[in-house]
Amino acid sequence: MATDSEPGRRHRRCCAQDTPDAPKVPDCRGDSDGPRRGSLCERHCAAINNAHGDLGEPGCHLHRPRVPPATSTPSCCQQHSEEVCESCLVKTTLTAENAVEANKLSNNYKFGFKKWKSHVTARPWEDRSEIVKELYSDLNIVRGPAGSTLTCGNVLYLLLFGWWLSLLYVLVATMMFITVMGAPYGRLCWDLAGYFLWPFGKVIQKVEVPKSQQACEAGVGESSALLGGPTAPRWRPRCRLGAGSWHRASAALWLCLGYPLLALAHGLVCVTAWLLIVLIPVAKLSARAASRVLPLPPGRVLIRGLRTTEVPLEGEVILCCYRAANPYYYKYAVDGINVFAVNLLPLVLVTLVLGYVDSPNHLTGSAMKFTLALLSIMPLSYYIGMAIASISAQSNFAVGAVVNATFGSITELTFYITALIKGSREGNRCYAEVVKSALTGTLVGCVLFVPGLCMVIGGIRHQEQRFNSRSAGVSSALLFLSVGGVFAPTLFSKVYGKLVCGECHNVTQNPLGHYLCHNCHFDLMDNNGTLYYSHVQPLVYTVSILLPAAYLIGLFFTLKTHTHIYDIHISDCHMPGHHHSAVVHWSRWRALVILLLSTLCMSACADLATEHISPILTNSTISQYFIGVTVLAMVPELPEIVNGIQFALQNNLSLSIEIGNCIAVQVCMLQIPILVLFTIFYPTNFTLVFSDLHVYASMFSVVLMNYIFMDGKCDYFQGTVLVMVYFILLAVYFFAPSPSGC
């Protein structure tokens with residue numbers, strides 16, 4: 001899920017030193033010739049990078065020869081030959097605004113850590129783009145000519161809200177006029193009816209009474225400051241001034257009859273527009289109208305057209321709206337939380353209330369509750385990811401590693417364990433098969449669909465994208481190891497298991513002829529389960545111990561002994577003039593509380609999903625394999641997919657690939673061994689023996705992925721190949737028969 005921030009600003013720097021033995025040299029910007037030399041070096045590095053490319057936007061670190069301490073070091077910017085800037089091809093510098101963001105960026109490139117796109121600290125206002133500044137600005141800024149107000153978004157506002165909101169103001173104005181005492185508020189509502197019918201190009205001001213009186217008395221014969229003569233006739237603002245602008249009786253009548261009805265209407269408009277996201281300016285408009293305009297006395301409110309704002313406005317501007325819709329509001333964030341996650345949070349509450357209060361299904365059916373529970377997993381996954389990234393960025397490496405290892409797979413494990421418990425209680429083997437399908441679907445989707453989709457979307461903006469083939473090679477090796485270990489018991493059972501068929505028919509009516517058999521499978525429980533308990537089960541336990549051990553070795557290799565393979569340097573040198581302390585969105589304790597609450601809600605939603613999935617499995621004509629591989633596997637991974645797409649759009653395909661690879665590796669090396677360990681303490685129907693379709697799909701996906709990633713560069717065509725192969729496998733699962741016994 002995305003916000004307005006970016007994972008880190010990438011700047012080409014030509015004066016950073018890579019050799020630890022070289023003495024420290026002052027920055028080129030401090031020299032009088034710095035701008036000229038720096039620009040020359042930057043142009044040289046840009047030419048190299050345009051010709052070769054690399055991960056993200058590479059930072060230029062000039063290679064410096066070792067110089068004795070007594071020898072003066074020449075300026076680094078004077079060395080701008082091709083061999084000097086050779087390290088530009090292999091080194092990437094990411095510049096962060098503060099130390100916390102630097103930790104988050106560094107964690108993104110660490111194997112086993114959750115990759116997080118959004119900022120965990122508040123970005124300085126001056127670092128944001130003009131588009132983002134407009135998203136967070138209040139509707140009280142008067143600008144210059146902004147073109148025509150007749151836009152599609154403004155017309156949409158008129159059709160959805162403007163006409164009935166204006167009609168409501170007319171009705172309230174009529175009611176206030178009938179009371180006679182509320183006539184001033186009736187005139188206010190009458191003017192506001194015209195405003196809210198089409199508020200674009202108009203200004204609502206809060207004016208002082210003496211100044212408003214002077215403005216009313218000025219008339220059309222006021223003098224021009226430039227020409228000295230009378231100005232041309234133009235629209236004159238209407239001023240409502242009385243002897244007592246805030247009479248107690250009329251105010252009480254307004255607060256009892258008019259204001260509650262209009263405030264309720266504006267609240268409805270605010271909520272509806274906020275949920276539509278692109279109409280958030282309308283939500284701000286309604287909120288400010290209900291809180292800032294309606295409580296004012298009629299004499300303090302002045303409505304003017306924008307054509308009268310060529311001269312400085314008198315009084316405070318309360319409302320000034322130009323556009324009802326803005327497509328960039330998908331970047332909007334509230335306290336660091338993306339607006340989509342904010343809007344989906346009430347869905348979690350609705351799901352929990354309906355699931356546990358309406359147990360007999362009087363209000364909704366099982367299919368609706370299952371859908372709501374599954375959709376509720378998406379925002380909870382986002383909050384868990386945000387909490388993990390916040391804690392890791394504000395803690396040391398050990399704490400971050402423990403948090404990522406403990407809660408990194410909590411979303412999937414919660415659903416799998418609750419499904420296995422329900423299947424064990426009901427004696428239904430279908431739940432174990434659905435869990436296996438979900439595990440395989442997560443593996444295949446993260447190996448094919450996630451990187452393939454990121455390649456396609458990133459390839460639309462960038463003709464060719466490069467990534468770190470060495471780091472991808474580590475993940476590929478772990479994937480080969482993990483897939484081989486997970487499916488080893490399955491291959492063992494195919495070799496030594498006994499083939500048992502449900503029914504066989506003699507086709508030739510000859511005892512020695514050909515037989516046609518149905519529902520055949522390898523039986524591991526022959527002779528009282530001797531093969532399974534004596535051979536297969538010990539193999540499963542052995543593999544479940546070796547896979548986590550291999551995962552720990554991979555962590556030690558990538559995070560301790562061979563950290564240089566990622567070729568990433570997080571610069572602690574901020575931009576000139578920007579010296580900001582880190583203002584975190586979530587402190588460590590707040591993030592920990594949100595993490596625990598999200599985990600509890602995730603467990604409840606997973607319990608509801610497994611509780612109401614049974615009718616779908618039994619009554620649906622779709623294969624249970626397809627349901628597990630698609631819906632149950634990929635819905636919890638949607639926040640990760642969005643992060644990968646955003647990284648790819650920023651030409652940072654390495655992180656997009658690492659997102660899919662890390663999830664796939666964790667499925668095989670952590671989630672499956674944990675499920676096997678869980679079956680020891682709580683016996684279930686889960687055995688580490690998969691169907692042939694799962695084995696072939698997983699192995700083919702891993703082989704194809706390694707072939708595509710071999711050269712360290714890709715384009716949208718290679719991404720299309722991965723996506724198409726994924727869809728072909730989905731078609732195979734869709735037409736495959738359901739597992740036996742389901």
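What covers the buried residues of H4? I opened my notebook with that one, keeping in mind that this is a predicted model.

**Entry one: helix H4**

I found H4 at residues 152–178, a helix of 27 residues. From its first C-alpha to its last I read 38 Å, close to the 39 Å expected at 1.5 Å a residue. I still noted a bend of about 50° at Leu 158. Just after H4, I came across Val 180, which takes a positive phi of about 65°.

Next I listed the buried residues of H4. Among them are the aromatic-named entries Tyr 157, Phe 161 and Tyr 169, and I also wrote down Gly 153, Asn 154, Gly 162 and Met 176. Back to my opening question: the cover over these buried residues includes helix H5 (183–197), helix H7 (248–276) and helix H8 (280–293).

**Entry two: cavities**

How many cavities of 30 Å³ or more does the structure hold? I counted eight. I then looked at the largest cavity, which has a volume of about 260 Å³.

I saw that 25 residues line the largest cavity, and that Lys 114, Gly 408, Glu 640, Ile 663 and Gln 666 lie nearest its centre. By class, I sorted the lining into eleven nonpolar, nine polar and five charged residues.

Which helix gives the largest share of this lining? My note says H22, with five residues. Helices that each supply at least two lining residues include H10 (366–393), H11 (397–407), H12 (410–426) and H21 (638–649), along with H22 (653–681) itself.

Notes
Residues numbered from 1 in each chain as written. Predicted model: local features only at pLDDT ≥ 70, side-chain atom pairs only at ≥ 80, totals over all residues. Heavy atoms only, no water. Helix = DSSP H or I, 4+ residues; strand = E, 2+ residues; numbered from the N terminus. Expected span 1.5 Å × (residues − 1). Bend = angle between axes of the 7 residues up to and from the residue. Buried < 20%, exposed > 50% of the residue type's maximum accessible area, 1.4 Å probe, protein only. Contact = heavy atoms within 4.5 Å. 1 Å grid on protein atoms, 1.4 Å probe; cavity = no way out; pocket = protein on both sides within 12 Å on 5 of 7 lines; lining within 4 Å. Points joined across faces, edges and corners; volume = space filled by probe spheres on them. Nonpolar A, V, L, I, M, F, W, Y, C, P; charged D, E, K, R; others polar.
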